Amino acid sequence: MSPETYALLRQLHRLCAVLSIVGFAARWLGVMAGQAWTQRRPAKSLPHVIDTVLLLSALAMAFGAAISPADAPWLLTKIVLLLVYIGLGMVALRPARPAAQRVLAGLAALAVFGHIVAVAVTKQPLGLLG
C-alpha cells in the first residue's frame, strides 16, 4: 500500500471516529431527554454506516501495513475495547433500561472511547497510563 493511500485511509478512519462518537453522544443525550428523533430510522441506521466505514478503514490500514493483533498488543486492546464500547452503547441507548443505568453506561462508553483513542495515539495498550 502506498503511503498516500495509507494516509487517506487514516484520515477517513479519524473522520469516521469523530462522526461516530459525536453521533453516539447526540443520540445518547437525545434518548436520555426522551426525544422522538432518536427512535427514527436515520438515527438508528446512519451510525451503522459510519461504523462500518470506520471498521473497514481500520482493517484496510492493518492489512496494508501488515499489522496483526497477535503482533501488536495495542491493536488487540483496541479491538477488545471496541467490543466493550459497543456493549455499553447498547445499554446506554435502550430506553427500556433504568435512567441511572443508561447514564452510567453512556459515561462509561465515552470513557472507553477516549481510551481507544489514547491507545491509537500512543500505540500502548495502557494508552495515556502507559
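This note covers helix H2, the largest pocket and the largest nonpolar core of a predicted model.

1. Local features are given only at pLDDT of at least 70 and side-chain atom pairs only at pLDDT 80 or more, whereas totals for chains, interfaces and linings use all residues. Residues are numbered from 1 along each chain as its sequence is written, and side-chain values use heavy atoms, with hydrogens and water left out.

2. Helix H2 (a DSSP run of H or I, at least four residues, numbered from the N terminus) covers residues 41-64 and reaches 34 Å from its first C-alpha to its last, close to the expected 34 Å, that is, 1.5 Å times one less than its number of residues. Ala 66, which follows H2, has a positive phi near 55°.

3. Ala 43, Ile 50, Leu 54, Ser 57, Met 61 and Ala 62 are the buried residues of H2 (under 20% relative accessible area, 1.4 Å probe, protein chains only), and they pack against helix H1 (3-32) and helix H3 (73-92).

4. The largest nonpolar core (buried Ala, Val, Leu, Ile, Met, Phe, Trp, Tyr and Cys residues joined through side-chain atoms within 4.5 Å) has 22 residues, among which Phe 24 and Tyr 85 touch the most other members. At least two residues of this core come from each of H1, H2, H3 and H4. Beyond its neighbours within four places in sequence, Phe 24 is in contact (heavy atoms within 4.5 Å) with residues including Tyr 85, Gly 89 and Leu 110.

5. H2 also gives the largest share of the lining of the largest pocket, 14 residues.

Terms used: Buried < 20%, exposed > 50% of the residue type's maximum accessible area, 1.4 Å probe, protein only.
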